[in-house]
Amino acid sequence: MKKSIPFLVLFLFSILSFDTNNGIAYAHLNDTPPPLEEVYTQIGFTTVHEAVIEFENHFKNDVKLPLKMPSIPFTHMFGRFWEDKEHSINASLEIEFINEKSPINHYKINIRPLENKVVSTNRSHQTVYTLKDGQKAIYIAERHFRFLVFEKDNWQYILGINKELANKVTPKVLVEIAYSID
């Protein structure tokens, strides 16, 4: 009987220790995620105005932004100038429009100099459109995003929208947004 007592204690201890959690993670009711502004600031985003000024100062050239936007609601917009200090070829301006209450409402603009443009070698899921100025725009259907890529005024523009919005923000809408850069 004395030999079974340690076994019984060990057995009860193991049952109690495994039974108390049941695989459920407990959190305090006041555990809230940080505000979007804080999250985006931590990864280098600022206001769109500040990012555009940094971008223009870096390249010593003005950049034009689209005047038109997708007709979906956004709660926040952020900008980031990313300088490629290592290779000097990947510097770009990123502008993100998001909706805090609807994560699929995500639209972004990426602008880079033509000499460092991104070239897509994957020709599948691409459609070519002709803009008013005769330039070609390529609509690319990727896994999570839809993109319209085109060139204007020595810049490459990449307009991107969450794929779940593709029925509302069609290629035609993205082309109209491209037209609004004047």
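# Worked exercises on a predicted model

Buried residues account for 36% of the 182 residues in the chain, and the exercises below concern a predicted model.

## Exercise 1: Overall architecture

Task: determine how many helices and strands the chain has, and in which pattern they follow one another along the sequence.

Solution. Counting the elements gives four helices and seven strands. Reading along the sequence then yields the pattern α-α-α-β-β-β-β-β-β-β-α. As a next step, consider the contacts with a separation of 6 or more, of which 54% join residues 24 or more positions apart. Finally, the chain exposes about 12,300 Å², and carbon and sulfur atoms supply 57% of that area.

## Exercise 2: Confidence along the chain

Task: establish which element of the chain has the lowest mean pLDDT and which has the highest.

Solution. Begin with the chain as a whole, which averages a pLDDT of 85, with 84% of the residues scoring at least 70. Among the elements, helix α1 (residues 4-19) has the lowest mean pLDDT, 42, whereas β7 has the highest, 97. Turning to the stretch that contains this helix, pLDDT stays under 50 over residues 3-20, and for these residues the model has zero contacts beyond four places in sequence. Where pLDDT is low, the predicted coordinates should not be read in detail.

## Exercise 3: An aromatic pair and its cluster

Task: classify the ring pair of Phe-55 and Trp-155 from its geometry, and state which parts of the chain the pair ties together.

Solution. A pair of aromatic rings is described by the distance of the centres and the angle of the planes. The chain contains twelve aromatic pairs by the rule on ring centres within 6.5 Å. For Phe-55 and Trp-155 the centres are 4.9 Å apart and the planes stand at 40 degrees, so the pair is tilted; the angle is neither under 30 degrees, as stacked would require, nor over 60, as edge-to-face would require. The next step is to place the two residues: Phe-55 lies in helix α3 (residues 48-59) and Trp-155 in strand β7 (residues 155-162), so the pair ties together parts that are 100 residues apart in sequence. Burial is judged against a limit of 20% relative accessible area, and because Phe-55 has 0% relative accessibility, Phe-55 counts as buried. Trp-155, with a relative accessible area of 2%, is likewise buried. To complete the picture, Phe-55 and Trp-155 belong with Phe-59 and Phe-81 to one aromatic cluster. A further ring, that of Phe-145, has the charged end of Lys-108 sitting over it, 4.3 Å from the ring centre.

## Exercise 4: The nonpolar cores

Task: find which residues have the most contacts inside the largest nonpolar core, and which elements each supply at least two of its residues.

Solution. In soluble globular proteins, nonpolar side chains tend to be buried together. Here the largest nonpolar core has 30 residues, and Leu-148, Phe-150 and Leu-174 are those with the most contacts inside it. The elements that each supply at least two residues of this core are α3, β2 (92-98), β3 (106-113), β5 (136-141), β6 (145-152), β7 and α4 (171-179). Beside this set there is a second, separate core of five residues, which includes Ile-140, Phe-147, Val-149 and Ile-158. Returning to Phe-150, and leaving out residues up to four places away in sequence, its contacts include Leu-131, Ala-137, Trp-155, Leu-159, Ala-178 and Ile-181.

## Exercise 5: Val-52 and Asn-110

Task: decide whether Val-52 and Asn-110 are buried or exposed, and name residues that each of them touches.

Solution. Val-52 is placed in helix α3, and because its relative accessibility is 11%, Val-52 counts as buried. Apart from neighbours within four places in sequence, Val-52 is in contact with Val-63, Leu-65 and Leu-93. Asn-110 lies in strand β3 and is buried, with a relative accessible area of 19%. Beyond four places in sequence, the residues that Asn-110 touches include Leu-93, Glu-94, Gln-156 and Tyr-157.

## Exercise 6: Backbone angles in a loop

Task: state where Asp-153 and Asn-154 are found, and how exposed each of them is.

Solution. Asp-153 is in the loop between β6 and β7, and Asn-154 is found in the loop between β6 and β7 as well. Phi of Asp-153 is near 50 degrees, a positive value in a residue other than glycine, and Asn-154 has a positive phi of about 70 degrees although it is not a glycine. Asp-153 is partly exposed, with a relative accessible area of 41%, whereas Asn-154 is exposed, at 54%.

Technical notes: Residues numbered from 1 in each chain as written. Predicted model: local features only at pLDDT ≥ 70, side-chain atom pairs only at ≥ 80, totals over all residues. Heavy atoms only, no water. Buried < 20%, exposed > 50% of the residue type's maximum accessible area, 1.4 Å probe, protein only. Contact = heavy atoms within 4.5 Å. Areas by Shrake-Rupley, 256 points an atom, 1.4 Å probe, with all protein chains shown as cover. Phe/Tyr/Trp six-rings, centres within 6.5 Å; stacked < 30°, edge-to-face > 60°. Lys NZ or Arg CZ within 6 Å of the ring centre and 35° of its normal. Core = buried A, V, L, I, M, F, W, Y, C linked by side-chain atoms within 4.5 Å. pLDDT = per-residue confidence, 0-100.
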